[in-house]
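User: Please take me through this structure by question and answer, starting from a single residue and moving on to the wider picture.

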Amino acid sequence: MTESQGANAATTIDTSIDTRTTSPSDQDAPTDKLVIEIVSCWDLPAEDFKSSDPYVKVRRSGHREYIHETKHIPNTLNPIFTVKTGNLFVVPKKDVQAAGKLLFKVKEYDRISITNETLGSVEIDADTLLKAKGERMEYDLTRKKKKSKGHIAIRCREAKRYDVRFVEELSKGKDSVDLQAFSSADKKLMKTHGGVGITNVAKMIKAHHRTDHVTKEKKYRIRPYPDPDRPEEATKWMSHDDIVSGAMDDSRNWLDIGSGTLGRVYLEIIGIDDMINMDEVMPISGVGKSNKTDSFVAVIYEDCIAKTDVIDDCLNPRWMPWMQRAFVLRTMYPNSQLFLGVFDYDSGAQNEHDMVGRVSVNLTDFRPGSEYLLHYHLFKSAKIGPRKPRGTLIIRMKIEADDERQNIIKNLSPPPSIYVSCRNISDFRIARKTVTGKTDVEVYSTKTLNAYVDELQAYKYMSHYMKEACVNLLFWRGTYPIRITKNFSFLIPLHSMTAFLAGVLFAERPTLAPS
């Protein structure tokens, strides 16, 4: 974990757990409990393709029941936990003293698994926790029968009365906190520097954008994380223009996947414009907030399956050069299609990621060696109507062919059947929807039959106009109006003239065909 990542992880705790010596209310009085914050983990082992979906469970040493569990954070090996993901909990001092230790266990979230895989764990002595004053404490994680990998950071201090009350209110409403439950004195206390307070929750929820006090320029938080190779403040907040221009820079993290040997497809997911909102409004008392799509892009190409980082609460997301957005796809058959699916990440119990739209890219339309910046409308299905754009996907792509002669020879053979194993049912559903769309037209259903009927009726409707056009072309009927005066105009057979000149030119110079 770099220093900038550590600083980023620390920003959450700096506004939520701190020590204070003065208080305007008796709510600042100490209690017989500890307030503990799970700050972050880093360098965790990958259990899901290239990443993991980690969460943390806590229990007393020697006890089987868990006293706390965070929400899982998708697609990351360096999770940073916040109030929204359940990073805070309180525990009685006497329970900690009686147990002697607290066990922090980092686990991999898997909806269909009975026992989720453990990524690492650590036991912390009771004396260490009881003496802590809110400072950051880092520990190495260990795994049974496996090489130690990963780290965890926590903070701990004596809980004040408002800490206990806040955590209780937060746990009752889960994602919502009732401001009415607090007195005016409590609210005033929570607005003071440090401490766990509702205003801090509001700041964390609203912290997607802010206005620079000097330049008065609106800036947006870079999600899911700033550039780890630069000072945090340089890329933590950026203006709209800086984000759009910065997203066009060359990618730094390339994921090389696939088993083909004929060539490579260099793919970069730049961003999405005007994406529809797949999430409903989630009101929080006193802090009105409209939740937005948490988007990621799934990439399917031959035997390759990959996903980008998740960008939460944004309808015009941009994946920056330091994020996971760039892929090197190795080709085994020249005419294979590239499938891209955009999904709204769902961390609920069903873990059913909602599909925003998909794109099917025919790579034979592009010249090897050229770089393309492409914009594609997103649709749920390629054939089922009516189709309305659900956003515009922006990608950058370049194709390299190692041996064009071998590619031509390979085209003469039928495409191979490719079978790809998915780790869990969620990944399988993502892959299926990306390839087939929301509705699989190969499966028998009334919806599919109606789509084919509509397509045939459209051809029948068009046949009348095609027949009329052919007659007009053969009999040199006027189609294009030429106005001589205000009250006088006539039609010239422009289409027939064009077809006649093209035929004459082709007869005299057949080498120009098919251009």
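**Backbone, rings and surface**

At 11% relative accessibility, Asn 75 counts as buried.

User: Where does Asn 75 lie, and near what value is its phi?

Analyst: The model is a predicted one. In it, Asn 75 belongs to the loop between β3 (66–69) and β4 (88–92). Asn 75 is a residue other than glycine with a positive phi, near 55 degrees.

User: Is Trp 476 buried, partly exposed or exposed?

Analyst: Trp 476 also has a positive phi in a residue other than glycine, near 50 degrees. Its place is in the loop between α11 and β21 (480–483). The relative accessible area of Trp 476 is 42%, and buried would require under 20% while exposed would require over 50%. Trp 476 is therefore partly exposed.

User: Which residues does the cis peptide bond join, and what is omega there?

Analyst: The proline of this bond, Pro 224, is found in the loop between β10 (218–221) and α7 (232–236). The cis bond joins Arg 223 and Pro 224, with omega at about 5 degrees.

User: How many aromatic pairs are there when ring centres must lie within 6.5 Å?

Analyst: Rings of Phe, Tyr and Trp enter the count, with the six-membered ring used for Trp. By this rule the count comes to 7 aromatic pairs.

User: Why is the pair of Trp 254 and Tyr 266 given its class?

Analyst: The ring centres of Trp 254 and Tyr 266 are 5.9 Å apart, and their planes stand at 80 degrees. This pair links distant parts of the chain, as Trp 254 is in strand β12 (residues 254–257) and Tyr 266 in strand β13 (residues 263–273), 12 residues apart. Trp 254 has a relative accessible area of 36% and Tyr 266 one of 23%, so each is partly exposed. Because planes over 60 degrees apart meet the criterion, the class is edge-to-face.

User: What class does the pair of Phe 488 and Phe 490 receive?

Analyst: The centres of the Phe 488 and Phe 490 rings are 6.5 Å apart, with planes at 40 degrees. Phe 488 is partly exposed at 46% relative accessible area, and Phe 490 is partly exposed at 37%. Stacked needs planes under 30 degrees apart and edge-to-face needs over 60, so the class is tilted.

User: Which residue lies over the face of Tyr 66, and which residues form one aromatic cluster?

Analyst: The ring centre of Tyr 66 is 4.1 Å from Lys 57, which lies over the ring face. The aromatic cluster is formed by Phe 296, Phe 343 and Tyr 345.

User: What is the area of the nonpolar surface patch that includes Tyr 465?

Analyst: Tyr 465 lies in helix α11 (residues 446–474). It is partly exposed, with a relative accessible area of 49%. Together with Leu 456, Tyr 459, Tyr 461, Met 462 and Met 466, Tyr 465 makes a nonpolar patch of about 730 Å².

User: How many helices and strands does the protein have, and what percentage of its residues is buried?

Analyst: The protein has 12 helices and 22 strands. Of its 515 residues, the buried share is 44%.

User: What percentage of the exposed area do carbon and sulfur atoms supply, and what percentage of contacts join residues at least 24 apart?

Analyst: The protein exposes about 27,900 Å², of which carbon and sulfur atoms supply 53%. Among contacts between residues at least 6 apart in sequence, the share joining residues at least 24 apart is 64%.

Methods: Residues are numbered from 1 along each chain as its sequence is written. This is a predicted model: local features need pLDDT of at least 70, side-chain atom pairs count only at pLDDT 80 or more; totals for chains, interfaces and linings use all residues. Side-chain values use heavy atoms; hydrogens and water are left out. Helices (H or I, at least four residues) and strands (E, at least two) are DSSP runs, numbered from the N terminus. Buried means under 20% relative accessible area, exposed over 50%, partly exposed in between (1.4 Å probe, protein chains only). A charge sits over a ring if NZ of Lys or CZ of Arg is within 6 Å of the ring centre and within 35 degrees of the ring normal. Contact means heavy atoms within 4.5 Å. Accessible areas come from the Shrake-Rupley method with a 1.4 Å probe; for residues, only the protein chains shown count as cover. Patches are made of residues with over 30% relative accessible area and no salt bridge: like charges are joined within 9 Å, nonpolar side chains (Val, Leu, Ile, Met, Phe, Trp, Tyr) within 5 Å. A salt bridge is a side-chain nitrogen of Lys or Arg within 4 Å of a carboxyl oxygen of Asp or Glu.
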